[in-house]
Amino acid sequence: MKKALITGITGQDGAYLAEFLLKKGYRVYGTYRRLSTPNFWRLQYLNIFEKIDLIPADLVDAGSVIEAISISEPDEIYHLAAQSFVGASFEQPIGTGAVTGLGVTRVLEAVRQLEIKTRVYQASTSELYGNAQETPQTEKTPFKPQSPYSAAKLYGYWMTEIYREAYGIYACNGILFNHESPIRGLEFVTRKITNAVAKISLGIEKKLPLGNLEAKRDWGYAPEYVQSMWLMLQQKKPDDYVIATNETHSVQEFAEKAFDVVGLDWQKHTKVDRRFMRPLDVNLLKGDYSKAEKKLGWKPKTRFEKLVKIMVEEDLERWQRWQKGEHFPWDAPLYPNEMKILTRSLKV
Ligand code: NAP
Ligand code: G4F
């Protein structure tokens, strides 16, 4: 039986990847970090929690990363753990560097020192392109990070290349464009919108505050994207791949379509709130996935409108069940409508 270790198994991609690998017959190990409130809801929601072997590890603690790899002796490591929220990286640039950047080196260095024959997937990102120098973006488009998050990811990208070339480690960068789902974190704009649309349509929330409505993203469906991670580790030689839909839509279009699903006018229920603007933002991302299609046989199936519909309908159904008094693992009920957040640039 093949063994896989997933760092960040409690996150969106970690949970879907675990589900996918279990179906393929893998023994799945996952790292989790100690939190004051346990965060296993995604694994429970997908009904896979009992099937996973959990290992405590924090990316800032190199010893725990070594321990996780030596306990699991994996054939494949999927390094997904990161401080993954771009907005937060402006507030915590040093912590983001330590986790999202140096965390990659801790994983690669553990593999090197343990002399373990394993394949490594690194969760690279379309954020690397920043305000991109060409559209659509390919594996050859130059990088120009626009946030502490993407600078940390750029470091991780290059360390992955360096360990591949210097030590012959089978390591791949998956340059994944935004991918979303009903188990996406609530602070990311897509799920923030679909959760609010469901609540507004049921009378639980009044207004949805948003930041930059003009930003355009290439949004795909997360369960399809995790399959590409596995495909990258099944090839003869390690390589880097863009995973995307080659379509781009603005945040405003996402909000319009999401309110359409419940028959409401987005303009009546949204307001612009500068607290959600970033000091620097990426204007437009659109990825050319033709290398992945040719070499991995991967292509996206779920397109923009269908993605929006899937997300709104699942959030709506969950709030309806909640209103009937049903209890199930889910993040939204504990998440407040409004938060009084202060940062240095946003003193109110
Ligand atoms: P996510 O939902 O935010 O999950 C991040 C995971 O990392 C969580 O399991 C989190 O644990 C863990 N983590 C955070 N800090 C950690 C630390 N110090 N030590 C150990 N674990 C830590 O992110 P995602 O959307 O699944 O994304 C997975 C990866 O792909 C990330 O590296 C992200 O940057 C990258 N990526 C994502 C996208 C996208 O659109 N989703 C696109 C390109 C690249 P807790 O649950 O304890 O917080
Ligand atoms: O949903 P977002 O926070 O995602 P972002 O910044 O594109 O990052 C995500 O995708 C990356 C891949 O390109 C990943 F690497 C990263 O880990 C993460 O998964 O914001 C999308 C856009 C931004 O331009 C943001 O400024 O939406 C804009 N936006 C407008 N109003 C908002 C809001 N973003 C958030 N989070 N909240 C808002 O109210």
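Colleague: Where is Arg-42, and what makes that stretch count as a helix?

Modeller: Arg-42 belongs to helix H2, which covers residues 41-45. Helices are DSSP runs of H or I with at least four residues, strands are runs of E with at least two, and both are numbered from the N terminus. Keep in mind that this is a predicted model: local features need pLDDT of at least 70, side-chain atom pairs count only at pLDDT 80 or more, and totals for chains, interfaces and linings use all residues. As for bookkeeping, side-chain values use heavy atoms, leaving out hydrogens and water, residues are numbered from 1 along each chain as its sequence is written, and chains are lettered from A and ligands numbered from 1 in the order in which they are written.

Colleague: Why is Arg-42 said to have no salt bridge?

Modeller: A salt bridge is a side-chain nitrogen of Lys or Arg within 4 Å of a carboxyl oxygen of Asp or Glu. Lys and Arg count as positive, Asp and Glu as negative, while His and the chain ends are left out. For Arg-42, the nearest side chain of opposite charge is Asp-331 at 4.8 Å, so the rule is not met. Arg-42 is also buried, a word that means under 20% relative accessible area, with exposed being over 50% and partly exposed in between (1.4 Å probe, protein chains only).

Colleague: Which backbone oxygen does the Arg-42 side chain reach, and what makes that a polar contact?

Modeller: That of Ile-183, at 2.6 Å. A polar contact is a pair of N or O atoms within 3.5 Å; within protein, one must be able to donate a hydrogen and the other to accept it, and residues adjacent in sequence count only if both atoms are side-chain atoms. At 2.6 Å, the pair falls inside that cut-off, so it qualifies.

Colleague: And how many salt bridges are there by the rule?

Modeller: The count is 19. In one of them, Arg-27 pairs with Asp-53, with the closest N and O atoms 2.9 Å apart. That pair links distant parts of the chain, strand E2 (residues 27-32) and strand E3 (residues 53-56), 26 residues apart. There is also a network that joins Arg-191, Asp-315, Arg-318 and Asp-331.

Colleague: Are Arg-27 and Asp-53 buried or exposed?

Modeller: In between: Arg-27 has a relative accessible area of 36%, so it is partly exposed. Asp-53 comes to 27%, so it gets that label too.

Colleague: How do you know that Arg-217 and Glu-127 form a salt bridge?

Modeller: Their closest N and O atoms are 3.7 Å apart, which the 4 Å limit allows. Arg-217 lies in strand E9 (residues 216-217) and Glu-127 in the loop between E5 and H6, so the pair ties together parts that are 90 residues apart in sequence. Arg-217 is buried because its relative accessible area is 8%, and Glu-127 is buried because its value is 8%.

Colleague: What separates Arg-164 and Glu-161 along the chain?

Modeller: About one helical turn, because they are three residues apart in helix H6. Their side chains meet in a salt bridge at 3.2 Å, N to O, and both residues are buried.

Colleague: Why is helix H8 called largely enclosed?

Modeller: Because ten of the eleven residues of H8 (residues 222-232) are buried. Among them are Ala-222, Glu-224, Trp-230 and Met-232.

Colleague: What surrounds ligand 1?

Modeller: There are 26 residues around it, the closest being Thr-10, Asn-39, Leu-80, Ser-84 and Tyr-149. A residue is near a molecule if one of its heavy atoms lies within 4 Å of it. A backbone N or O atom of Leu-59 is 2.9 Å from a nitrogen atom of the ligand. The protein covers 90% of the 910 Å² of accessible area that ligand 1 has on its own (Shrake-Rupley method, 1.4 Å probe; for residues, only the protein chains shown count as cover).

Colleague: And how much of ligand 2 does the protein bury?

Modeller: A polar side-chain atom of Tyr-149 is 2.8 Å from an oxygen atom of ligand 2. Taken alone, ligand 2 exposes 710 Å², and the protein buries 96% of that.
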